[in-house]
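Here is a friendly walk through one protein chain, for anyone meeting it for the first time. Have a look at the picture, then read on.

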Amino acid sequence: HNFLSRMESIVAPAATRRRCKKIRKELGNSEIHLNGIGTPNNNKLIRFLKCESKARKTCDHETKSYDRCHSAVMGVGAFKGRPNCADQLKAWLSCVIDATQ
């Protein structure tokens, strides 16, 4: 996952579950900024990761970790001193990618 640790933006991976393909299609090949909490593409990426995680019954820890961060950032403006959830999003994305291989 070294490529993820250096990146603050990504292009979403391919969908592996049919029900997730529509959400993935909405993202196209656009670059998604992982620190852009609340942006339309960031929100679509979250929906896509939730779909893939739920379909595979995996990445529960990463999903909950992101949810905790998101709630804190939206509530008090930061989580563990950061104004966004890029680290949690990277961990969740890595988990989903690992589950597809």
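Helices here are DSSP runs of H or I with at least four residues, strands are runs of E with at least two, and both are numbered from the N terminus. With that in hand, S53 is easy to place: the residue sits in helix α3. One thing to keep in mind from the start is that this is a predicted model.

**The overall picture**

How many helices and strands does the protein chain have? The tally is five helices and two strands. Read from the N terminus, the elements follow the order α-β-α-β-α-α-α. The radius of gyration of the protein chain is 13 Å, close to the 13 Å that the globule rule gives for 101 residues, so the chain is as compact as a globular protein of that length. If you like box dimensions, the C-alpha trace spans about 35 × 25 × 25 Å along its principal axes. As for the inside, 44% of the 101 residues are buried.

**Back to S53, and on to K64**

Is S53 buried or exposed? S53 counts as buried, because its relative accessibility is 5% and the cut-off for buried is under 20%. S53 also has a partner from elsewhere in the sequence to compare with: S53 and A99 are 46 residues apart in sequence, and their C-alpha atoms are 8.7 Å apart in space.

K64 belongs to helix α4. Its relative accessible area is 45%, so K64 is partly exposed. Measure out to F79 in the model and you get 15 residues along the sequence and 14 Å through space, C-alpha to C-alpha.

**Charged pairs**

Side chains of opposite charge can pair when their charged atoms come close. In this model the count comes to six salt bridges. Here are some of them, with the distance between the closest N and O atoms:

| Acidic partner | Basic partner | Closest N and O atoms |
|---|---|---|
| E26 | R47 | 3.2 Å |
| D67 | K50 | 3.7 Å |
| D87 | K90 | 3.9 Å |

Take the salt bridge between E26 and R47. E26 lies in helix α2 and R47 in helix α3, so this pair ties together parts that are 21 residues apart in sequence. Both ends are partly exposed: E26 has a relative accessible area of 36%, and R47 has 40%.

The salt bridge between D67 and K50 comes next. This pair links distant parts of the chain, with D67 in helix α4 and K50 in helix α3, 17 residues apart. D67 is partly exposed at a relative accessible area of 31%, and K50 is partly exposed at 38%.

What separates D87 and K90 in helix α5? They are separated by about one helical turn, because they are three residues apart in that helix. D87 is partly exposed, with a relative accessible area of 38%, whereas K90 counts as buried at 10% relative accessibility. There is a further member here: salt bridges that share partners join R82, D87 and K90 into one network.

**A positive patch**

Which residues form a positive patch on the surface? They are R17, R19, K54 and K57. One of them, R17, is in the loop between β1 (9-10) and α2 (18-27). R17 has a relative accessible area of 33%, so this residue is partly exposed.

**Two loop residues with positive phi**

C59 has a phi near 65°, which is a positive value in a residue other than glycine. You will find C59 in the loop between α3 (40-56) and α4 (60-76). C59 is buried, because its relative accessible area is 4%.

K80 is not a glycine either, yet its phi is positive at about 50°. K80 is in the loop between α4 and α5 (86-100). Is K80 buried or exposed? K80 counts as exposed, because its relative accessibility is 75% and the cut-off for exposed is over 50%.

Conventions
Residues numbered from 1 in each chain as written. Predicted model: local features only at pLDDT ≥ 70, side-chain atom pairs only at ≥ 80, totals over all residues. Heavy atoms only, no water. Patch = residues over 30% accessible without salt bridge, like charges linked within 9 Å, V, L, I, M, F, W, Y side chains within 5 Å. Areas by Shrake-Rupley, 256 points an atom, 1.4 Å probe, with all protein chains shown as cover. Salt bridge = Lys/Arg side-chain N within 4 Å of Asp/Glu carboxyl O. Lys, Arg positive; Asp, Glu negative; His and termini not counted. Charge placed at Lys NZ, Arg CZ, Asp CG, Glu CD. Buried < 20%, exposed > 50% of the residue type's maximum accessible area, 1.4 Å probe, protein only. Rg over C-alpha atoms; globule rule 2.2 N^0.38 Å.
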